[in-house]
Amino acid sequence: MKYFLYGPPASGKSTLGSGLATAWGIPFVDLDARIAARAGQSIPQIFATAGEAAFRRLEAEALTATVEEDGDAVVALGGGALLNPANRALAEAKGTVLVLEASAETLLARAEAARGQRPLLAGDSPAAREERLRGLLQARAAHYRSFARRLPTDDRSPKDALWEAQIRFGRFRLRGMASPRAAEGYTVLAQAGVRHNAGERLRAAGLAGPVALVSDTTVAARHADAAQASLEAAGYRVTRLTFPPGEAHKTMATVQRLWEGFLQAGLERGSTVVALGGGVVGDLAGFAAATYMRGIAWVNLPTSLLAMVDAGLGGKTGADLPAGKNLVGAFHPPRLVLADPQVLATLPAEEFRNGMAEVVKHGVIGDPALFGLARSGARVALTAAVAQAMAVKIRIIEADPYERGPRAALNLGHTIGHGIEAASGFSLRHGEAVAIGMVAEARLAARLGLAAPALADEIAAALQAWRLPTAIPAGLSAEAIWQAMRHDKKKSGGRLRFALPVRVGEVRVGVSVPEADIRQVLHPSTEAPSNPSTR
């Protein structure tokens, strides 16, 4: 796939393109530089000696040659490269186009720093150059606005622009863990239709077979045939392994069945496990891969919103014990994550809402704009929303891969939420329990003087926009929740440690809370008066 950067002259395409290619570990192509090399002349010389029409022919030839090259690449295009409808159709068929935007004043300042390199901005005086640029922007304004993906760069630092471009493209390279394979990182894609070329993606990542395709029976019925066909088309021998859906099956008994299935399928130390499903599937398949033959490669194909934005990232794998969730596990990052938001169209409404709890959580942790988007209650452009929510977790994981500090912010809502989930006998979905846990922990933060009392109501309103529950069910025993919380893996020195919200966009981690305060917020009468129906 090709990632095209487009926009007016001096908008920063080459600088940003080089940065993206470095971040992702793929080639960078400056189309103008390639044209100049092939012509044996600089771009200004081509314009001067042959004219713009001749340059545009060379440009079209270079673009065609570039998109036909194998592999992924970042391509910086000239400011008028896609004015030709054929060029545009080719670029959009072979990749994704991101238009960089900037004001005339910003572009002029950048252009002045590179005089002589931009023939369309040539002129005898600053006034002439400004007139030329403003005329060009006016002529092309509708053209640039016609592209769906655009990135304003005026007030962004190069570092911020680089990060925002990754979100717009839905591609990240997640690094941080210290094992030999993990140190180089792994690619995370949030792109519509990416599931259809899963086999090609595995081959490009250098992953070997045989492949065990692990899923639950519900997801397998919808998506396993297509995933298996893609893998087999890429030359992999595939064995499908399934188990019943739901948290009740996230057990060591299921892990053992997966180990036995791997052995019967002939998986070796160089083989690959592919997890196709939600958070339970990813946790179990990843943990089975981490422990089979002391660790083999695995790839995650998350099919739920919750798994895409949260559970499918970061390499935390595991299984439940009767005493609590995820008490057995390992850090074992996947070699590749392929999230296709198109599959969310088949996701039941209650499961979509389940995932929205984690989207709201990510907004509270580190992205007020995402929180506002979630609070609207509207199904926005899913690809962009998924990538934006992913980005919050990816930044935190890279800063703290083994949860020794800042990564604990991702536990917001989970300490109480896991207790609620377990005490309900898992009749509450994970996202529902986390939603209740977030509001309860916001009230806990208010009791401790860390947050304003209104914060809990603000978070509750965002969750209620998705008909998620925000109060502990009246029939659920506070004592049962407390007993489940006592076995939580997030204890340190024998005491529970909380990630508590201070305000939207800020969470404090490692907070030790007196038992009396915890018990107080667990009492149903202290919570919001009603639960919107989710069933």
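**Strands, rings and cores**

User: Which residue in S3 is the bridge partner of Tyr 3?
Analyst: In this predicted model, strand S1 (residues 2-6) pairs with S3 in the parallel sense over 4 bridges. Opposite Tyr 3, the bridge partner in S3 is Val 74.

User: Which residue in S3 is the bridge partner of Val 29?
Analyst: Strand S2 (residues 28-30) also pairs with S3, in the parallel sense, over 3 bridges. For Val 29, the partner in S3 is Val 75.

User: Which residues of strand S3 point the other way from Ala 73 and Val 75?
Analyst: S3 spans residues 73-76, and its side chains point two ways. Ala 73 and Val 75 are buried on one side. On the other side, also buried, are Val 74 and Ala 76.

User: How many residues of strand S10 are buried?
Analyst: One side of S10 carries Thr 272, Val 274 and Leu 276, and the other Val 273, Ala 275 and Gly 277. Both faces are covered. The count of buried residues in S10 (residues 272-277) is 6 of 6.

User: Which residue in S11 does Val 274 stand opposite?
Analyst: S10 has parallel partners. Strand S8 (residues 211-216) joins it over 5 bridges, with Ala 212 opposite Val 273. S11 runs parallel to S10 over 6 bridges. In S11, the residue opposite Val 274 is Val 299.

User: How far apart in space are Leu 301 and Leu 450, C-alpha to C-alpha?
Analyst: Leu 301 lies in strand S11 (residues 297-302) and is buried at 5% relative accessible area. Its contacts beyond four places in sequence include Val 274, Ala 275 and Leu 276. Leu 450 is 149 residues away in sequence. In space, C-alpha to C-alpha, the separation is 38 Å.

User: What kind of aromatic pair do Trp 24 and Phe 169 form?
Analyst: The whole structure holds 9 aromatic pairs. For Trp 24 and Phe 169, the centres are 6.0 Å apart and the planes meet at 75 degrees. An angle over 60 degrees decides the class, so this pair is edge-to-face.

User: How many residues apart are Trp 24 and Phe 169?
Analyst: Trp 24 is in helix H1 (residues 13-24), and Phe 169 is in helix H8 (residues 158-169). Trp 24 is buried at 2% relative accessibility, and Phe 169 is buried at 2% as well. Their pair links distant parts of the chain, with a separation in residues of 145.

User: Where does Trp 466 lie?
Analyst: Trp 466 pairs with Phe 352 in a tilted arrangement, 5.7 Å centre to centre and 50 degrees between the planes. Both residues are buried. Phe 352 belongs to helix H14 (residues 349-366), so the pair ties together parts 114 residues apart in sequence. Trp 466 itself is in the loop between helix H19 (454-464) and helix H20 (478-485).

User: Is Arg 88 buried or exposed?
Analyst: Arg 88 is in helix H5 (residues 85-94). It lies over the face of Phe 147, at 3.7 Å from the ring centre. It also touches Leu 82, His 143 and Ser 146. Its relative accessibility is 19%, and the cut-off is under 20%, so Arg 88 counts as buried.

User: The charged end of Arg 203 sits over the ring of which residue?
Analyst: The distance from the charged end to the ring centre is 3.8 Å. The ring under Arg 203 belongs to Tyr 236.

User: Which helix gives the largest share of the largest nonpolar core?
Analyst: That core has 77 residues. Those with the most contacts inside it are Val 188, Leu 305, Met 390, Ile 420, Phe 498 and Ile 518. Ile 518 touches Leu 444, Trp 482 and Phe 498, among others. The largest share, 10 residues, comes from helix H18 (residues 430-447).

User: How many residues are in the other core, which includes Leu 20 and Val 219?
Analyst: This core lies apart from the largest one. Trp 24 and Leu 336 are also among its members. Its residue count is 35.

User: The side chain of Glu 441 reaches the backbone nitrogen of which residue?
Analyst: Glu 441 is in helix H18, buried at 0% relative accessible area. Its contacts include Asn 411, His 414, Phe 498 and Pro 501. At 2.7 Å, the side chain reaches the backbone nitrogen of Gly 413.

Key. Residues are numbered from 1 along each chain as its sequence is written. This is a predicted model: local features need pLDDT of at least 70, side-chain atom pairs count only at pLDDT 80 or more; totals for chains, interfaces and linings use all residues. Side-chain values use heavy atoms; hydrogens and water are left out. Rings of Phe, Tyr and Trp (its six-membered ring) pair if their centres lie within 6.5 Å; planes under 30 degrees apart count as stacked, over 60 as edge-to-face and the rest as tilted. Helices (H or I, at least four residues) and strands (E, at least two) are DSSP runs, numbered from the N terminus. Buried means under 20% relative accessible area, exposed over 50%, partly exposed in between (1.4 Å probe, protein chains only). A charge sits over a ring if NZ of Lys or CZ of Arg is within 6 Å of the ring centre and within 35 degrees of the ring normal. Two strands pair if DSSP finds at least two bridges between them. A nonpolar core is a set of buried Ala, Val, Leu, Ile, Met, Phe, Trp, Tyr and Cys residues joined through side-chain atoms within 4.5 Å. Contact means heavy atoms within 4.5 Å. A polar contact is a pair of N or O atoms within 3.5 Å; within protein, one must be able to donate a hydrogen and the other to accept it, and residues adjacent in sequence count only if both atoms are side-chain atoms.
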